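Q: Please take me on a close look at the backbone and pocket of this model, beginning with the spot where you would put the cursor. I would like the cut-offs as you go.

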Amino acid sequence: MKAIQAVRGMRDITPDESGRWSAIERSIANVFSRYGYREIRMPLVETTGLFHRSIGEITDIVEKEMYTFPDRNNESLALRPEGTAGCVRAVIENGLLNVPQKLWYCGPMFRYEKPQKGRHRQFHQVGAEVFGHPDVNVEAEMLLLNQRFWNDLGVAKNVSLELNNIGDSVARAHFREALVTFLSAHTKSLDSDSLRRLDSNPLRILDSKNKDTQSLLNDAPKMAEFLSTDSVDRLEQLTRILQGQGIKVKHNQRLVRGLDYYNDTVFEWVSNDLGAQGTVCGGGRYDKLVEQLGGKPTPAIGFAMGLERLYLLLEANQFAALSDNHNPDAYLIVAASSCQEYAFNVAEKIRNALPDFAIMQNLAATSMKSQFKKADKSNAKYALVIGEDEVEKRTVSFKHLDTGEQVSFSTADELTSLINYLGTIN
Ligand code: ATP
Ligand code: MG
């Protein structure tokens, strides 16, 4: 029979990779707690309306990337394409907006996109949202936290920060008008996507990948000319704080981000090592979204990072900064079925005494030769061997698999001395 395959664009994380995934997640969780962020976990499914109201109708996500379906009660539900909307819903619903909140989350997101390197239909994001802080310090701290991710994971040299300020709604309305006037006079240089956006979402034309459009934009009006002094100050202050902490900042006036809800600060961490999918992490301020979703007016800012892309960056560095050793410390070779009961005794006693020591016990009745082969293959550092002789004398033989050195225990209390020995070498 033909085997059933995973859904296109959705992949398994195999045991060979999962150790690295958890090491990455541990490293990230550790950085969050050092900055006083707490974890929140939202459902993977929300009402479709939530995303229409937050992300915006004329965005790639809502127009063509969402997985939506009617449930049995005919309510339209969606697999979440991102985390911000659900997080905002959750803080409103759970009454979490009385005090400033610094929250983070991690989990799968779903978008119906063309699968390719660094772009999947189920992918994983780590995101954070901070509520109740209007001033620029929260932007600064968030970007310093991002930088610490890269430092701790050993990819700092692979990513760089791009920053922009897209102003408040008034500035954007004026800029939008000027941009539409300019582009309408040059529709010949616009592709069909940009033409469509000219009416609906003209700011998105700024990050068009089309070469003609890009060169046309060199002469277009610039957002910076429309910013309020508050917005200009915010960008300058943020740049100064970050530079003071040694972060290189590139101002990118074309940076607009794909979702509708942003205002003022927007940023992306980009990499040259990821091909076309160059953005690892992006975010910005969204001071109006909480109100728009029915909460009390609350300033907010957030970011989301794609873990598949981060994983690719770490891979390019041979995972050098990750401690993801999931090999067993010792492989326990059991010569015959009659020896298994004593072997359990030994393995459990060692696990009780040494909580960090991982033992892979051979559970099948196979030859010593094949068990030694398996021990080598498991990458364990040591082999513990139990045969009839050991059972009778209540001992264990012990071998360093890399050097072949054998150690024997000849005192009365063999296991205690073995445990002491393991404790000192491990
Ligand atoms: P892109 O321009 O690459 O489509 P985006 O602007 O749609 O990204 P966001 O919605 O800002 O992305 O999501 C934040 C991060 O999540 C991205 O920077 C990226 O690292 C990751 N990401 C987004 N979509 C995907 C996907 N389909 N597969 C893997 N990672 C993704
Ligand atoms: Mg996208």
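A: Let's begin at Arg394, which sits in the loop between helix 14 (388–393) and strand 15 (397–400); helices (H or I, at least four residues) and strands (E, at least two) are DSSP runs numbered from the N terminus. This is a predicted model, where local features need pLDDT of at least 70, side-chain atom pairs count only at pLDDT 80 or more, and totals for chains, interfaces and linings use all residues. Residues are numbered from 1 along each chain as its sequence is written, chains are lettered from A and ligands numbered from 1 in the order written, and side-chain values use heavy atoms, with hydrogens and water left out.

Arg394 is not a glycine, yet its phi is positive, about 55°. Most residues other than glycine have a negative phi. With 45% relative accessibility, Arg394 is partly exposed (buried is under 20%, exposed over 50%, partly exposed in between; 1.4 Å probe, protein chains only). Asp264, also not a glycine, has a positive phi of about 50°. Asp264 belongs to strand 9 (residues 263–270) and is buried, at 9% relative accessible area.

Now for the pocket. Fourteen residues surround ligand 1, and Arg111, Glu113, Arg119, His120 and Arg257 come nearest (a heavy atom within 4 Å counts as near). By class, this shell holds four nonpolar, five polar and five charged residues. Strand 6 (122–131), strand 10 (279–285) and strand 11 (300–306) each give at least two shell residues, and strand 10 has the largest share, three.

Some N and O atoms lie at short range: the side chain of Glu113 has one 2.6 Å from a ligand nitrogen, while a backbone N or O atom of Thr279 is 3.0 Å from a ligand oxygen and one of Gly306 is 3.3 Å from a ligand oxygen. The protein buries 87% of the 580 Å² that ligand 1 exposes when taken alone (Shrake-Rupley areas, 1.4 Å probe).

Finally, the packing. The largest nonpolar core (buried Ala, Val, Leu, Ile, Met, Phe, Trp, Tyr and Cys joined through side-chain atoms within 4.5 Å) has 45 residues, of which Ile28, Phe32, Trp150, Met305 and Leu310 touch the most other members. Helix 5 (residues 136–153) contributes the most, nine residues. Beyond its neighbours within four places in sequence, Leu310 contacts Ile24, Ile28, Trp150, Leu153, Val155, Val280 and Met305 (heavy atoms within 4.5 Å). A second, separate core of 31 residues includes Ala85, Phe131, Ile166 and Val266.

Technical notes
Polar contact = N/O pair within 3.5 Å; in protein donor to acceptor, adjacent residues only side chain to side chain. Nonpolar A, V, L, I, M, F, W, Y, C, P; charged D, E, K, R; others polar.
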